[in-house]
Amino acid sequence: MDHLRSSAIWAVNYDTTARTLTIWFKEGAHPYDYYGVPPHRYQELLKAGSKGAYFNTHIRDQYAA
């Protein structure tokens, strides 16, 4: 699990075998899983200047939750 410096996202975890991205939001009570996420999306999320903006543009509504 990677803890992020973000105003929206507390932590993320990526399962390479299942290609599942798990995200813990600061305002959420439980984690959310996103399925079929390619490894480069996870790496780009970690490097993004704004994790929340990257999530909204490249992950949210792009992958099954």
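Start by selecting Thr20 and look across to β4, where Tyr35 stands opposite. Helices and strands here are DSSP runs numbered from the N terminus (H or I over at least four residues for a helix, E over at least two for a strand). What you have open is a predicted model, so local features need pLDDT of at least 70 and side-chain atom pairs count only at pLDDT 80 or more, while totals for chains, interfaces and linings use all residues. Residues are numbered from 1 along each chain as its sequence is written, and side-chain values use heavy atoms, with hydrogens and water left out.

**The sheet**

Stay on β4 and pick Tyr34, the bridge partner of Leu21. β3 and β4 pair in the antiparallel sense over four bridges; two strands count as paired if DSSP finds at least two bridges between them. A hairpin of six residues joins β3 to β4. Now show every strand: the open sheet has four, in the order β1-β2-β3-β4, with antiparallel pairing. Which strands are at the edges? They are β1 and β4, each of which pairs on one side only.

**The helices on the sheet**

Next, bring in α1, which packs on the sheet and touches β1, β2 and β3. Contact means heavy atoms within 4.5 Å. The direction of α1 makes about 155 degrees with that of β2. For such angles, axes are lines fitted to C-alpha atoms, for helices over the stretch in contact, and the values run from 0 to 180 degrees between N-to-C directions. Add α2 as well: this helix lies across β2, β3 and β4 and runs at about 50 degrees to β2.

In helix α1, select Leu45. Is Leu45 buried or exposed? Its relative accessibility is 0%, so Leu45 counts as buried. The term buried means under 20% relative accessible area, exposed means over 50%, and partly exposed lies in between (1.4 Å probe, protein chains only). Leaving aside residues up to four places away in sequence, Leu45 touches Val12, Leu21, Lys51, Tyr54, Phe55 and Ile59. From Leu45, draw a C-alpha to C-alpha distance to Ile9: the two are 36 residues apart in sequence and 11 Å apart in space.

**The nonpolar core**

Ile9 is a good way into the largest nonpolar core, which has 16 residues. Such a core is a set of buried Ala, Val, Leu, Ile, Met, Phe, Trp, Tyr and Cys residues joined through side-chain atoms within 4.5 Å. The residues with the most contacts inside it are Ile9, Val12, Leu21, Ile23, Tyr34, Phe55 and Ile59. Two or more residues come from each of β2 (9-15), β3 (20-25), α1 (39-47) and α2 (51-58). Not counting residues up to four places away in sequence, the residues that Ile9 touches include Ile23, Trp24 and Phe55.

**The aromatic cluster**

Now display rings as sticks for Phe25, Tyr32, Tyr34 and Phe55, which ring pairs link into a cluster. The structure holds four aromatic pairs. Rings of Phe, Tyr and Trp (its six-membered ring) pair if their centres lie within 6.5 Å; planes under 30 degrees apart count as stacked, over 60 as edge-to-face and the rest as tilted.

Zoom in on Phe25 and Phe55, an edge-to-face pair at 5.2 Å centre to centre with 70 degrees between the planes. Phe25 is in strand β3 and Phe55 in helix α2, so this pair ties together parts 30 residues apart in sequence. Then turn to Tyr34 and Phe55: the ring centres are 5.5 Å apart and the planes meet at 70 degrees, so this pair is edge-to-face. Tyr34 belongs to strand β4 (residues 32-35) and Phe55 to helix α2, 21 residues apart. Both Tyr34 and Phe55 are buried, with Phe55 at 5% relative accessibility.

**Two loop stops**

Move to Ser6, in the loop between β1 (2-3) and β2. With 11% relative accessibility, Ser6 counts as buried. Its side chain reaches the backbone nitrogen of Ala8 at 3.1 Å, and a polar atom of that side chain lies 3.0 Å from the backbone nitrogen of Ile9. Beyond residues up to four places away in sequence, Ser6 touches Lys26, Lys51 and Gly52.

Finish at Ala18, in the loop between β2 and β3. Ala18 is partly exposed, with a relative accessible area of 44%. For a last distance, pick the C-alpha atoms of Ala18 and Gly28: the two residues are ten apart along the chain, and those atoms are separated by 23 Å.

Terms used: Polar contact = N/O pair within 3.5 Å; in protein donor to acceptor, adjacent residues only side chain to side chain.
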